[in-house]
Amino acid sequence: MLYEFVKKRISRRALARVVSTFLCVLFVTIHPFSQLGGSSAFLVLSLKELVFSVQEDLAQQLEITILNITGALTGIGISTFAKYLAAIPQEGSVTPRLIPAVFLVIISFFAGWAKSRLPRLHLSARISCFVSIWLLTDNIGITSAVLSDSSDFLWITVTAASVCLFSSMLILHWSSTHLIEEIASTLRIIHRCLSVCMDNPFTYPSSQQIADLKDLHVELVRRSVILNEMYYQAAFELRIGRVSVKSLKPLLGMVEHLRRELSWGMVPHTGQNDWSNESHCASFPAFEASATELGKTIMTSIKAVEDLVLGVYTHASLWGKSLRTERDAVTAAAINLNLAWYTAKRELRNTIRSLSEESGSPSGSIIPSYLRHQCLFVTSLLQMAYDTSHILQVAQNIAAHHEASRLRFWLPRLTWQWLGVAPRTFIMEEYGAPIAQDASEAETTLSAEEIRQGIAFVDRHDEITTQEVFYSHVIRRIPTGPQLSLKSLPRCLSSTPQRLWNHPVILQLRLGASRAIRNTQHSSHLQHATKNAIGVAMLSFPAFLPSNSAGFQWFRWIHGQWMIISYVWVLETNTGATWRVGYLRLSGTILGAIYAYITWAICGRNSIGIVVMVTLFDIPITWLVTKSRIPSLGVVASVTLPPIALYQYLTPDSEVSTQDLAWMRALMIALGIIAALATNSLVFPRYSRVLFLNQTSRTLRLLSQLYLLLVQGMFRNIYAFTPHDKQETLKLELQIRNTLHRSSSLLTTMNDELSLVPKPMRHYREVVLKMQKILDLMTGLRKIRENIPRKETIASVLKERKEFISCICISLFASQHVFQARQPLPQFLPSARQALEKLESQIEASLRRGIDVDVSVKGISLAYSVAEGEVMRDMVDTIEGLLELCRQLFGTSAWLIQTWPEMSVYNADEGPGTPGEGWFSTVGRE
């Protein structure tokens, strides 16, 4: 009974953390053993918490142990070499102090670059800075201290790493199931979302159902991004199991497809509540039963896949578990899904054919208005069934691999891509901090077309070729000048420098140098490395002053190393993350200092009491680190405790009282935090709001490119979508998903930035949701247009299609540049809604003519045509909502704010801010 309670309430990781803390403090208080670490043996607890902290599973722990010991050994080795060089010159000269200062700045620079550029080496870079700061700012120029100080830190590092690894091997699971649990949870949310949609699917949902569905869609978007992150983390981690994590990659893609189909096909957009119940009841027996059965079969299939995946990846034992039940359930689900899909498609085809053969309908359209959303619903359900069948095939392949494989140890491939993937250790340490950055061009950078024109001006004789070929491949040899003579000598001499400057070889070097300088100037990684080195140089400056100076004496007495270490640990790659980590660590410092003083007041130099108090303090700290959203507070509180509570125990001859020690340590850590905040706010500031606006502009630009790619395929005569187009579309969709994720991450850190002006966070979040909705709708259009009658819905209405596409592109273009320039919207933009109404009326007429000529038009393609209209209407609503958000955020350049009496004589329908038909007004409507 007690065992079950403890098992449910206390996680393995929490228990292993407490055990590792107990063992570390025990080793530090055992004098014969702790003497190997010298007076700084208490740093075992600091490194245990900062670098080697117990993780979720043994594979993670083994990885951080190897990487961070390597980083520590690198720092110890370079620092020992620097101290050896500093001990060679005459004592008291400038050289012994200059050498370690230069080495420390160089180490800080490269550690800062590795921290920003290679997330997997984040903690390794930090520990190399940690040991270098201690070694290079203490006992400088003393030959006898070179090896002794290095051996002390070697013992400290190895002890902390060994204790944490031992605790992990003793308690933790040997294989991670975090990714699998997230996949199962995401499948359950999809199951629940579809279940809500299938509850009376052909009646208009209640407001509560719509609210629940929107909440579920937001959660699915978040889960989809998390799944892709976790997949790349798991693919590059140590793991024990039978089946590779790469087998799950197709499954994750299909899960994203299901999420999008739920988004564009299952939720009616605003204004869709004009369904007629009487007409609805009369029409819906035709395909209601088959569609409902198809939905239930999809849900059964999702549940079967979830059970199979959990069975394959969560039971890593030498004796393989039989998965016959789960495998048979997947096989049965595949058979039933195929049958239900065929039945629903046949019933839909028959219903559409019978409606198209009727002479007319009360609404005057081929498909009654109350059946339009039902057509969209069923088409999205058919697409979901198609994707679910692929998921079942993936599950069957996974089951086959599980049966044919034996238990093995999966090792990561050591590549640059592996180094660029942030491990879960870092993400758990600093919530919201890791944000991948794209290389963005500066505002002063010339575009590719501008560069082409510049080269065409240089190379006039090859202007036509220059306009057709990319600029880096079009440079031609500049023709030589006239024959040299005494009369022409001055002119030749004056033109020679310009001809040499424009020579093809020199021009290539100029272009290459321009790219290199631009990339260097605007590299966020080099900027972070520079800030890291500048801060360390400034804070460590007193340590390299002459030994008889007041600054050096102050630094040594107050142990200024903690100020530098705090700076390195708080400095993040953007301002918002630094503020968040800063105030959390400042709070943790105060908490740790208070508890450390209480510990010393109660226990004094009693080793047993110290062990008990430090271990008890780690219990709430463990909860903060593992369960809360503020792990930084717990980490720094745990780090602040040992230097205060154990210093008097390890150095009994110290003249500093514990009370003074508490405020000194707290002051040093606080000064480091303040320095980090000031540096990140003044030197190369990267404000999350500015990054968010730029990222939003980039996302809208990519959405415009994606939409243009979709319509290019639509206007082709033979293939609606070629394989090349599909590949390019998938690339763009992936880029848009990444930018949307980065925008969401920036919103998290934006909350933590100190700003005198309130930030419209609600509007920013709505903008991200609108862009996500536009991406989902474009995906729906791509899939629907593969089945529409192309002659009747595209070729015959080409003019109206062009007008509608132009309206959408102009709206996206205007929104993009509003966010990029932070300028108001134009007052009037072409109305996509009116263009859509004209397009729909022309498509209706074209379909009526086509039905009389071609019998195939009466089939299921007619339902897809209706579904396309519903998706386009939803897209118009979403884009107009985005324009309204742009107006609220940036305003409108209004020039027509009232009408005159003589204008109303000619057009009484026009009001203020309405120039005529075909225009959308961005002026706020009350």
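This report walks through a predicted model, from its overall make-up to one helix pair and one surface-side residue.

**The whole chain**

Let's start wide. The protein runs to 926 residues, and buried ones make up 54% of them. Its secondary structure comes to 37 helices and six strands. If you look at contacts between residues at least 6 apart in sequence, 82% of those join residues at least 24 apart.

**Two cores**

Which residues touch the most other members of the largest nonpolar core? Tyr707 and Phe804 do, out of the 135 residues that belong to this core. Helix α36 (residues 860–890) is the element that gives the most to it, putting in 16 residues. Apart from this core there is another, made up of 93 residues, with Leu50, Trp134, Leu136 and Ala676 among them.

Phe804 deserves a second look. Setting aside neighbours within four places in sequence, Phe804 is in contact with Tyr707, Met872 and Val876, and also with Ala832, Ala835, Leu836 and Leu839. Those last four turn up again in the helix pair below, on the α35 side.

**The α34 and α35 pair**

Two packed helices are described by the angle between their axes and the distance between those axes. Here are the two helices involved:

| Helix | Residues | Among its residues in the contact |
|---|---|---|
| α34 | 798–821 | Glu800, Arg801, Glu803, Phe804, Cys807, Ile808 |
| α35 | 832–853 | Ala832, Ala835, Leu836, Lys838, Leu839, Gln842, Ile843 |

Their axes sit 9 Å apart and make an angle of about 155°. Angles over 145 degrees count as roughly antiparallel, so α34 and α35 are roughly antiparallel to each other. The crossing of α34 past α35 is left-handed. As for chemistry, the residues of this contact split into eight nonpolar, four charged and one polar. Phe804 is one of the α34 residues here, and it is also one of the two best-connected members of the largest core, in terms of other members touched.

**Gln553**

Now for something elsewhere in the chain. Gln553 is part of helix α23, which covers residues 550–558. Is Gln553 buried, partly exposed or exposed? With a relative accessible area of 42%, Gln553 is partly exposed, because that class lies between the 20% and 50% cut-offs. Beyond its neighbours within four places in sequence, Gln553 is in contact with Ser547 and Asn548. Pro542 is eleven residues away from Gln553 in sequence, and the C-alpha to C-alpha distance between the two is 8.5 Å.

Terms used: Residues numbered from 1 in each chain as written. Predicted model: local features only at pLDDT ≥ 70, side-chain atom pairs only at ≥ 80, totals over all residues. Heavy atoms only, no water. Axes fitted to C-alpha atoms, helices over the stretch in contact; angles between N-to-C directions. Parallel < 35°, antiparallel > 145°, perpendicular 65-115°, else oblique. Left-handed = near helix turned anticlockwise from the far one by under 90°. Contact = heavy atoms within 4.5 Å. Nonpolar A, V, L, I, M, F, W, Y, C, P; charged D, E, K, R; others polar. Buried < 20%, exposed > 50% of the residue type's maximum accessible area, 1.4 Å probe, protein only. Core = buried A, V, L, I, M, F, W, Y, C linked by side-chain atoms within 4.5 Å.
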